[in-house]
Amino acid sequence: MHNTVWQTVKKSIKAEIPNHAFNTWISPIKPVALNNDSLILEVPNQFFYEWIDTHFRETIKKKALDDKGTPLNVKYTVSTEKKRITNKAVEKEYKKTFNQNATTLINRNQRFNNFIEGSNNQFARAAAISVAKNPGESNYNPLVIYGGVGLGKTHLLHAIANQTIENGKNKKVVLETSERFTQEFIASIQKNTNDEFTKKYRKANLLLIDDIQFFKGKEQTQEQFFHTFNELHQLNKQIVLSADTYPGDMEGLQERLVSRFQSGLSVDIQPPDFETRVAILLEKAQQNGLELSYDLVELIATHIKTNIRVLESIIIRLLANSSLYGKEINRNLVEEVIREKLGKEMILELSLEDVVKKVSEIRNVPLKLIVGPSRRRELVKTRHLAMYLCRELTNNTLASIGLFFGGRDHTTVLHACTQVKKVYKKKSAVEKFINQISKNLSVANF
Ligand code: ADP
Ligand code: MG
């Protein structure tokens, strides 16, 4: 009887959900009995039960009817047989779900195989891989990965977590940001659930905390983290941290924490060099199915120097432009997108000559006169403006600007800048000129 009922239920669910879901989750369920008004189903394990309970309970309940069409109660029992999960699909799903259900959110897409290695991150990457292989068993405990914004720290943390889970050695992975740790800690005090909080972190075999600089100035949280850290460390559980600066240089952290952080291995990630930027762009373009010729990749890599997140956002921007607006991806579009991203920053690539040439063009005064010795009033004004713009728009020192302007002293340049600043904003003509030239130059830079 229970068999027939279940067959009917199964048939009608099969029509409703994708095949792979059916094979993975519904096929393995066994009907064991029909007692009064209850249908008893057996599932392979607790995890399976929880999955069914959250995803299919309503569906099954709706379909489970007796021969008169009255709804049955559906009860589950977990198989006592300790069967290994052999079905590959189940195993895959199991792993996937482990992450979804875990208290932490691990980004499945940030892995070692899509982390481009460059001289800037070689050491950090190698240390991360080594830790993922044998969490807690290396001398790298804690492993601290530090460096500027958008350079791949978070990516490496997630890659370690993913790799560890997949190796199957060690499933208790907890990955949180220091902000989340702080919030959870505060909430646990307010709700009096400190036990739960402590348990979550201290049961971890691999604990990864992202951006520990946000612990700065939070005394109680630091105290809490100190204990968590010590407990895990003593048990040889692996700890991985990321930070925006070298732990020893961090202010606002308790001395004892800093010294703990320094007791393992600290590795930095530097901004990527040109070759690495090109490699990253090619990889991201390919990942997103974006066709980008090499010279366009090079154009982007030449202008975006520090931040991989910005490199990535340029790819996304180009993709949007081509797929949403049907624009052709050519040099013009790429330039437009770079300009949009960089704004003023890009202007910093200008040479002194670029700037003075532009001033000469717009004011219609020969360059030779601008950098020459003449003290004619109008000319001096233009020279001051040019010096000011050189100071604002290029990376040159006062001394080298002075040198360019016919070997003048750096104090002369400084004086010129002060003069211009005084009138700038007061005289709208000067402001207009400066805006115009900045705009002109940023376009001319290509
Ligand atoms: P951080 O945490 O250091 O601020 P992220 O790890 O968030 O930086 O990296 C910013 C973005 O750049 C992410 O989308 C990340 O996947 C990507 N990224 C960073 N480094 C690399 C790399 N070496 N190879 C590929 N992608 C990278
Ligand atoms: Mg980060």
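Helices and strands here are DSSP runs, numbered from the N terminus. The model in these close-ups is a predicted one.

**Close-up 1. A cis peptide bond sits just ahead of Pro142**. Have a look at the link between Asn141 and Pro142: this peptide bond is cis, with omega at about 0°. Where is Pro142 along the chain? Pro142 belongs to the loop between helix H6 (122-133) and strand S4 (143-147). For background, most peptide bonds are trans.

**Close-up 2. Ligand 1 sits in the largest pocket**. Here's the ligand with its neighbours: 18 residues surround ligand 1, and the closest are Ile116, Gly150, Thr154, His155 and Glu312. What kinds of residues make up this shell? Six are nonpolar, eight are polar and four are charged. Three helices each give the shell at least two residues: helix H7 (153-167), helix H12 (274-287) and helix H14 (308-325).

**Close-up 3. Gln110, Gly150 and Lys284 reach polar atoms of ligand 1**. Start with Gly150, which uses its backbone: an N or O atom there lies 2.7 Å from an oxygen atom of the ligand. Gln110 uses its side chain instead, placing an N or O atom 3.3 Å from an oxygen atom of ligand 1. With Lys284, the partner on the ligand is a nitrogen atom, and a polar side-chain atom of Lys284 lies 2.9 Å from it. How much of the ligand does the protein bury? On its own ligand 1 exposes 560 Å², and 92% of that is buried by the protein.

**Close-up 4. Lys284 also pairs with Glu312**. These two form a salt bridge, and their closest N and O atoms are 2.7 Å apart. Which parts of the chain does the pair link? Distant ones: Glu312 is in helix H14 and Lys284 in helix H12, 28 residues apart. Side chains of opposite charge can pair like this when their charged atoms come close. The whole structure holds 20 salt bridges.

**Close-up 5. Asp211 has a positive phi**. Its phi is about 60°, although Asp211 is not a glycine. You'll find Asp211 in the loop that runs between strand S6 (206-210) and helix H10 (219-234). Most residues other than glycine have a negative phi.

**Close-up 6. Asn364 has a positive phi**. Asn364 isn't a glycine either, yet its phi is about 60°. Which two helices flank its loop? Asn364 is in the loop between helix H17 (352-363) and helix H18 (367-370).

Definitions and conventions
Residues numbered from 1 in each chain as written. Chains lettered and ligands numbered in written order. Predicted model: local features only at pLDDT ≥ 70, side-chain atom pairs only at ≥ 80, totals over all residues. Heavy atoms only, no water. Near = heavy atom within 4 Å. Polar contact = N/O pair within 3.5 Å; in protein donor to acceptor, adjacent residues only side chain to side chain. Areas by Shrake-Rupley, 256 points an atom, 1.4 Å probe, with all protein chains shown as cover. 1 Å grid on protein atoms, 1.4 Å probe; cavity = no way out; pocket = protein on both sides within 12 Å on 5 of 7 lines; lining within 4 Å. Sits in = over half its atoms within 2 Å of the grid points. Helix = DSSP H or I, 4+ residues; strand = E, 2+ residues; numbered from the N terminus. Nonpolar A, V, L, I, M, F, W, Y, C, P; charged D, E, K, R; others polar. Salt bridge = Lys/Arg side-chain N within 4 Å of Asp/Glu carboxyl O.
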